Amino acid sequence: MAETQDKIEKPRTPLTRVIACGALAHEILDICKQDNLQHIDLICLPAQLHLYPDQIPDRVREAIHTARSEGISDIYIAYADCGTGGLLDKVCKEENVERILGPHCYSFFMGNDAFEAESDDLMLAFFLTDFLTRHFENFVIKPLALDRHPELISDYFGNYEKLVYMAQINDPELDEKAQWAADFLGLTYERRFTGYGDLSKSLNRPTSK
């Protein structure tokens, strides 16, 4: 009679549902690939919600409830405050979940501590990330009707002194487009390579037991 052996299954790392802004999808997928974060299950809400920040808290809450209905207990929010005026933090507290620290993605890409230290110098800066550079027309020009009314540029951007492109990757085409955006807005151009900053650290957090 052939002997039978019980199968010994290796313990699995608990699945983590990351609920993220769609503007971070490319970066989060890159981090997961680079750091072999196979336990992360990414769900992205539409990046266009940045145009309607008052809708972000309720959409995040709905995504949290969906994750729990699927049996997922470890949930992480890859959103900064993003103009919600503290309402997203209220949802996170009520639902007992964490989010990445920072007022906006520019801060956590640069590193929240570093951004805070340079806050005075950056007060009159308009920021672009890789995502916003790629989609400058759809997220800046068209929503503000600058393509049809270029005279509005001075109304919207007259108080800024420079455009700071916070680059997550080195891409000459994105550099060129960011420079074009600065010229379009009539701002001095500055490029800073940030990489993924605090976003990478936050995704490498220990999972809940």
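Q: In this predicted model, where is the place of Leu-88?
A: Start with the secondary structure. Helix H3 covers 87-95, and that's the helix to look at. The place of Leu-88 is in helix H3.

Q: Is Leu-88 buried or exposed?
A: The cut-off for buried is under 20% relative accessible area. Leu-88 has a relative accessible area of 0%, so Leu-88 counts as buried.

Q: Which residues is Leu-88 in contact with, leaving aside its neighbours within four places in sequence?
A: Contact here takes heavy atoms within 4.5 Å. With those neighbours set aside, the partners of Leu-88 are Pro-57, Val-60, Tyr-79, Ala-80 and Arg-99.

Q: Why do the buried residues of H2 line one face of the helix?
A: First, the buried residues of H2: Ile-56, Pro-57, Val-60, Ala-63, Ile-64 and Ala-67. Look down the axis of H2, and they line one face because they fall within an arc of 125°.

Q: What do the buried residues of H2 pack against?
A: Pro-57 and Val-60 are among the buried residues of H2, and Leu-88 is in contact with Pro-57 and Val-60. Leu-88 sits in helix H3, which gives you one of the partners. The full list for the buried residues of H2 is E1, E2, strand E3 and helix H3.

Q: Which residue in E2 is the bridge partner of Thr-16?
A: Strand E1 (residues 16-21) and strand E2 (residues 40-45) run parallel, joined by 6 bridges. With helix H1 (residues 25-35), E1 and E2 make a right-handed β-α-β unit. In E2, the partner of Thr-16 is Ile-40.

How values were computed:
Residues numbered from 1 in each chain as written. Predicted model: local features only at pLDDT ≥ 70, side-chain atom pairs only at ≥ 80, totals over all residues. Heavy atoms only, no water. Pairing = 2+ DSSP bridges. Helix = DSSP H or I, 4+ residues; strand = E, 2+ residues; numbered from the N terminus. Right-handed = clockwise from strand over helix to strand, strands pointing away. Buried < 20%, exposed > 50% of the residue type's maximum accessible area, 1.4 Å probe, protein only. Arc of directions from axis to C-beta.
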